[in-house]
Amino acid sequence: LLLSSGEYVLSNKVVISKDITIKSTDSKVKPVIRLESERENNSFFEIGGDARVVLDGVALNGNSKAKFPAKYAIISAKEGANGYSLFMNNCEVYDFNAEAGAIFKAYKGSMSDSIKISNSVIRDSYRGFGLNEEKDDIGKYSVETIVFDNTVVTNIAQYLIDFYRGGNDESTLGGALEINHCVFNNIAQDEKQTVLKLTNIVKVDIKNSVFANSISKTVVKLYGSKNLVSNSCFYNCAAPKASNGALLGSISFENPKFEKKSFILSKKSGLLSKATDGGNIGLR
């Protein structure tokens, strides 16, 4: 589905059960999708079955001042969502501020193969990605792998990710989070919140990224030998915590010195050329 520049208005959520790509015809212009709903607690897209959903070069406007603002941008179906995937590239998602809402919510019993957010901006919203419904503590979790790559997330009131895997069932020792070349700014605007809330997630690899300006007492807790933060900066926020074999390598706490009104490093930044790949910590 190719969208040209302009605004596209949904009157109700779009239920997706087959593979689809929604893409801008111009990589430099993002068509804006928003919702004008006549009921509360609505969302833009609901993904079911094993659908592969690609959003490329579009903007999702949560329009929180509407009479019935969208509660979620994207949700899983409550039944039958098994093996689906979501890929967002070069997108902008903003203004999802409905109470207890989020950018993405996975319902109990759903299972995603992969969620990947790349080259995008997520901003000015209440919560990020809710992957925390599997609370029966029998080893279940909501996504096999979630990836953030070269992406900015800024001004999120509560968590960016709440990723939960409870229980000790060794047959389901899974769940992975990968973060690379990202900037997370002003997330968890309450000291009781957590930027990345990870419960029993087996593999966590955070590298080449900047965490800045959070008043949370806990930015991220790592647990286990397959959890690692490396070559990352924690500025004006709490340091990461690691236990049970988790590793912290090449962590800095300096001012990243972004350019004005930007999350690009200035020429004065001490994070230039300090990434694991020889590039800059933060955005590529």
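**View A. Opposite Tyr 164 stands Thr 199 of strand E20.** The model is predicted, so local features are given at pLDDT of at least 70 and side-chain atom pairs at pLDDT 80 or more, while totals for chains, interfaces and linings use all residues. Residues are numbered from 1 along each chain as its sequence is written, and side-chain values use heavy atoms, with hydrogens and water left out. Strand E20 covers residues 194–199 and pairs with strand E17, residues 161–164. The two are parallel and share 4 bridges. Strands here (E, at least two residues) and helices (H or I, at least four) are DSSP runs, numbered from the N terminus. Two strands pair if DSSP finds at least two bridges between them.

**View B. Thr 194 of E20 faces Thr 218 of strand E23.** Strand E23 is made of residues 218–223. It runs parallel to E20, and 2 bridges join the two strands.

**View C. Asn 200 has a positive phi in the loop that follows E20.** The loop leads from E20 to strand E21, residues 203–207. Phi of Asn 200 is near 60 degrees. Most residues other than glycine have a negative phi. Asn 200 is partly exposed, its relative accessible area being 37%. For relative accessible area, buried means under 20%, exposed over 50% and partly exposed in between, with a 1.4 Å probe and protein chains only.

**View D. Strand E15, residues 143–149, is mostly covered.** Of its 7 residues, 5 are buried. E15 pairs with strand E12, residues 111–118, in the parallel sense over 6 bridges. Within this pairing, Ile 146 of E15 is the bridge partner of Ile 115. E15 also runs parallel to strand E18, residues 176–180, and 5 bridges join these two. Asp 149 stands opposite Asn 180 of E18.

**View E. Asn 150 sits in the loop between E15 and strand E16.** Strand E16 consists of residues 152–156. Asn 150 is not a glycine, yet its phi is positive, at about 50 degrees. With a relative accessibility of 15%, Asn 150 counts as buried. Leu 283 is one of the residues that touch Asn 150.

**View F. Leu 283 lies in the segment after strand E26.** Strand E26 spans residues 247–252. Leu 283 has a relative accessible area of 17%, so it is buried. Leaving aside residues up to four places away in sequence, Leu 283 touches Asn 150, Thr 151, Val 152, His 181, Val 183, Phe 263 and Ile 264. Contact means heavy atoms within 4.5 Å. Asn 119 is 164 residues from Leu 283 in sequence, and their C-alpha atoms are 8.8 Å apart.

**View G. Lys 135 lies in the loop between strand E14 and E15.** Strand E14 is formed by residues 129–131. Lys 135 has 46% relative accessibility and counts as partly exposed. From its C-alpha atom to that of Gly 166 the separation is 6.3 Å, with the two positions 31 residues apart along the chain as the sequence separation.

**View H. Asp 205 belongs to strand E21.** Leu 177, Glu 178, Ile 179 and Leu 228 touch Asp 205, when residues up to four places away in sequence are not counted. Gly 270 is 65 residues from Asp 205 along the chain, and the C-alpha atoms of the pair are separated by 22 Å.

**View I. The whole protein has 26 strands and 0 helices.** Its C-alpha atoms fill a box of roughly 50 × 50 × 30 Å along the principal axes. The radius of gyration is 18 Å, which agrees with the value near 19 Å for a compact globule of 284 residues. This radius is taken over C-alpha atoms, and the globule rule is 2.2 Å times the number of residues to the power 0.38. Buried residues make up 54% of the 284 residues. Of the contacts between residues at least 6 apart in sequence, 73% join residues at least 24 apart. The protein exposes about 12800 Å², of which carbon and sulfur atoms supply 46%. Accessible areas come from the Shrake-Rupley method with a 1.4 Å probe, and for residues only the protein chains shown count as cover. There are 35 positive and 31 negative side chains, and the centres of the two sets lie 5 Å apart. Lys and Arg count as positive and Asp and Glu as negative, without His and the chain ends; each charge is placed at NZ of Lys, CZ of Arg, CG of Asp or CD of Glu.
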